[in-house]
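Dear colleague,

I am passing this structure on to you, and I would be glad if you opened it beside this message and followed along as you read.

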Amino acid sequence: MRTRDYLANRTPVPSGTVTQLFFDAVDRFGIRTAFRTILADGLIDITYGEVLPTVRWIAGGFEALGVDRGDRVAMLSENRHEWSQTDYGALCAGVPLVPIHTTLTPAQIGYILSDSGARVVFASNEEQLKKAQEALEGLPDQPHLVLFDDFSGRPPGVLLWMDFLEKGRRREEGTSEEEFRLRALSAQPGDPATILYTSGTTGDPKGVVLTHNNLFSNAKALTIVIHIDDRDTTLSFIPLSHILQRMVVLVFFSKGATITYGQSVKTIAEDLKVARPTKVVGAPRVFEKVYNTVMDQPGAKGLIVRWAREVGEAWAEEKLAGREPTWILKLVHRLARFLVFDKIHEAFGGELVFFVSGGAPLAPHINRFFYSAGILILEAYGLTETSPGITHNSPENFRIGTVGPPIPNPEIRIAEDGEVLVRGRQVMKEYFCR
């Protein structure tokens with residue numbers, strides 16, 4: 001393809017802010033469950049209506065700590081409802097959130113905190129708090145530390161999550177909800193919403209500045225491609241420090257769906273059965289792990305599984321080519337579903353409509369296997385710098401081995417050297433520089 005050739009989807013996409021999406025959702029879906037947390041001994045449900053006062057107190061908490069509009073705050077935490085509510089609180093306060101991967105070393109964390117000038121650091125637990133404290137050693141500006149989970153021997157000066165909320169509640173006592181909304185909705189589409197640090201290919205990590213409209217337009221475009229509504233639920237396990245999972249939360253929240261947080265990345269298999277999600281975003285390694293586990297069955301089970309795979313491949317070949325399988329193949333495929341494929345469905349909770357796979361290519365033979373089992377995996381492509389969506393398969397426009405056509409708005413060109421060139425509302429504002 002020459003550089004003057006390009007791909008584009010001309011479907012109109014509006015401009016706006018993430019705070020608009022937030023208030024529209026809490027007003028429309030007040031009594032529905034927004035966030036669900038799976039615990040060892042039960043579930044915690046938080047409705048859309050209950051999210052609103054917490055987000056207001058978070059925004060007030062920033063004011064109480066002297067954080068001004070335009071300042072930055074950092075998040076060092078695994079996926080949990082406090083993460084997402086803090087994100088909305090920061091957006092409503094005009095304070096860009098800087099997510100930090102929990103796998104980073106103290107030295108790497110220190111660089112991001114120093115470069116971003118974060119005024120507050122949220123840490124999930126003792127492990128992450130210790131890394132944050134080590135990262136801050138020697139830095140001239142010491143941010144406030146807020147801890148989600150208390151533990152014995154907690155260092156002095158660390159503010160507990162509930163105490164932070166109480167500070168915010170007191171700060172907001174003298175103002176009405178209407179005043180809070182007016183402040184939050186004063187955000188402009190071009191205002192920075194978040195700063196995400198990516199390693200890039202050379203040098204120190206760079207802070208990608210995404211605006212309200214970058215995120216708003218991408219969320220709107222994605223909901224044109226894939227249907228989400230208030231009957232849907234998803235399980236959040238890709239780290240929220242990646243823009244992909246952040247966008248998942250924005251999209252599902254804006255449509256009144258339920259976002260479930262599991263116990264940990266080690267309990268995904270158990271959490272899927274409890275959450276019973278309808279639509280989930282995952283990474284190729286998740287599907288590879290499931291596929292290998294199924295294929296590695298020993299003895300007679302292994303023989304049945306490998307037979308079912310062969311039957312499924314024959315059935316999938318016909319369906320993907322637009323042909324109708326023969327009645328014999330249909331009959332054998334039904335038997336394969338009964339013996340093998342239905343069990344895979346149940347392992348995913350039994351309610352799944354489709355998966356979305358992103359972050360890396362998914363091997364076509366693995367995607368084809370899941371397709372033959374009646375499990376649709378839609379591959380997509382994007383970058384942190386593009387908020388992230390650029391292209392996306394849909395249930396109606398699906399092709400294994402591809403990342404799909406452009407979503408509404410971006411224009412895509414392939415340069416002579418193979419570089420992908422993208423232009424559109426979802427493309428970042430700039431790299432951060434203080």
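What follows is a short account of the cavities found in the structure.

Please keep in mind that this is a predicted model, and that the values below were computed from it. With a lower limit of 30 Å³, the count comes to two cavities.

The largest cavity has a volume of about 50 Å³, and the residues that line it are Trp83, Ser84, Asp87, Tyr88, Leu240, Arg246, Val249 and Leu250. Two elements, α3 (81–93) and α9 (243–254), give two or more residues each to this lining, and the largest share, four residues, comes from α3. If you sort the lining of the largest cavity by class, you will find five nonpolar residues, one polar residue and two charged residues.

The second largest cavity has a volume of about 30 Å³, and its lining is made up of Val18, Asp87, Leu91, Leu215, Ile243, Arg246 and Leu250. Here too, α3 and α9 each supply at least two residues, although for the second largest cavity it is α9 that provides the largest share, with three residues. By class, this lining holds five nonpolar and two charged residues, with no polar residue.

As you go through the two lists, you may like to find Asp87, Arg246 and Leu250 in the model, since these residues appear in the lining of the largest cavity and also in that of the second largest cavity.

With best wishes

Methods
Residues are numbered from 1 along each chain as its sequence is written. This is a predicted model: local features need pLDDT of at least 70, side-chain atom pairs count only at pLDDT 80 or more; totals for chains, interfaces and linings use all residues. Side-chain values use heavy atoms; hydrogens and water are left out. On a 1 Å grid over the protein atoms alone, a cavity is a set of points where a 1.4 Å probe fits but cannot get out, and a pocket is an open set with protein on both sides within 12 Å along at least five of seven lines; lining residues have an atom within 4 Å of a point. Grid points are joined across faces, edges and corners, and a volume is the space filled by probe spheres set on the points. Ala, Val, Leu, Ile, Met, Phe, Trp, Tyr, Cys and Pro count as nonpolar, Asp, Glu, Lys and Arg as charged, and the others, Gly among them, as polar.
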